[in-house]
Amino acid sequence: MFRHVVMFTWNADASAQDRDAAVRALEEWGRLAVDYGTFSVGVDAGLAEGNGDVAVVVDLPDRERYRAYSADERHQAVIRDWIRPILAGRCAVQYEI
């Protein structure tokens, strides 16, 4: 099993509508990506200063499936159209589980 975890921090200019739309786009991508593995999206609960705004966790069968997931045009479209326009920071890790 192979896990991909990514955390996004939105920029100060991102409106509530922009943030909500980005989360909805991620959730929709997760519904479309079921053939790759399991997908979850979480919005930070706001309990600690300095946290990111949104995290995505994807569990995939192996590294090859991750590479296919990452390169999928639908995935790239979500990043291009919804994430990058409001992105201040991104941190990710992929690892074997």
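## A loop between β1 and α1

D13 sits in the loop that joins β1 to α1, a good place to start a walk through this predicted model. The side of D13 that faces outward is generous, as its relative accessible area is 72% and D13 therefore counts as exposed. Although D13 and I86 are 73 residues apart in sequence, their C-alpha atoms are 7.3 Å apart in space.

A14 belongs to the loop between β1 and α1 as well. Is A14 buried or exposed? With a relative accessible area of 7%, A14 is buried, since buried means under 20%. Once neighbours within four places in sequence are set aside, A14 is in contact with R19 and I86. I86 thus appears twice in this part of the model: as a contact of A14, and as the residue whose C-alpha lies 7.3 Å from that of D13. For a view in another direction, take F39, which is 25 residues from A14 along the chain; the two C-alpha atoms are separated by 24 Å.

## The chain as a whole

Stepping back, the protein chain has 3 helices and 4 strands. In sequence order they follow the pattern β-α-β-β-α-α-β. The radius of gyration is 13 Å, close to the 13 Å that the globule rule gives for 97 residues, so the protein chain is as compact as a globular protein of that length. If you would like a feel for the dimensions, the C-alpha trace spans about 35 × 25 × 20 Å along its principal axes.

How much of the protein chain is buried? Buried residues account for 33% of the 97 residues. Turning to the outside, the accessible surface is about 5900 Å², and carbon and sulfur atoms own 51% of that area. Contacts also reach along the sequence: among those with a separation of 6 or more, 73% involve residues 24 or more positions apart.

## Two residues of strand β4

Strand β4 includes G89 and V93. G89 has a relative accessible area of 24%, so it is partly exposed. Beyond its neighbours within four places in sequence, G89 is in contact with M7, F8 and T9. Those three positions fall within the range of β1, which runs over residues 2-10. The C-alpha atoms of G89 and D53 are 36 residues apart along the chain and separated by 9.7 Å.

V93 is also partly exposed, because its relative accessibility is 40% and that class lies between the 20% and 50% limits. Which residues does V93 touch, not counting those up to four places away in sequence? They are R3, H4 and V5, positions that again fall in β1 (2-10). A33 makes a useful reference point for V93: the two are 60 residues apart in sequence, and their C-alpha atoms are 19 Å apart in space.

## The largest pocket

Rolling a probe the size of a water molecule over the atoms shows where empty space is left. In this model, the largest pocket holds about 240 Å³ of space. It is lined by 18 residues, and those closest to its centre are V6, F8, H75, I79 and R90. F8 is a name you have already met, as one of the contacts of G89.

Which elements supply at least two residues each of the lining? They are β1 (2-10), α1 (16-32), α2 (63-71), α3 (73-83) and β4 (87-96). The element that gives the most is α3, with 5 residues. By type, the lining divides into 12 nonpolar, 4 polar and 2 charged residues.

Key. Residues numbered from 1 in each chain as written. Predicted model: local features only at pLDDT ≥ 70, side-chain atom pairs only at ≥ 80, totals over all residues. Heavy atoms only, no water. 1 Å grid on protein atoms, 1.4 Å probe; cavity = no way out; pocket = protein on both sides within 12 Å on 5 of 7 lines; lining within 4 Å. Points joined across faces, edges and corners; volume = space filled by probe spheres on them. Nonpolar A, V, L, I, M, F, W, Y, C, P; charged D, E, K, R; others polar. Rg over C-alpha atoms; globule rule 2.2 N^0.38 Å. Buried < 20%, exposed > 50% of the residue type's maximum accessible area, 1.4 Å probe, protein only. Contact = heavy atoms within 4.5 Å. Areas by Shrake-Rupley, 256 points an atom, 1.4 Å probe, with all protein chains shown as cover.
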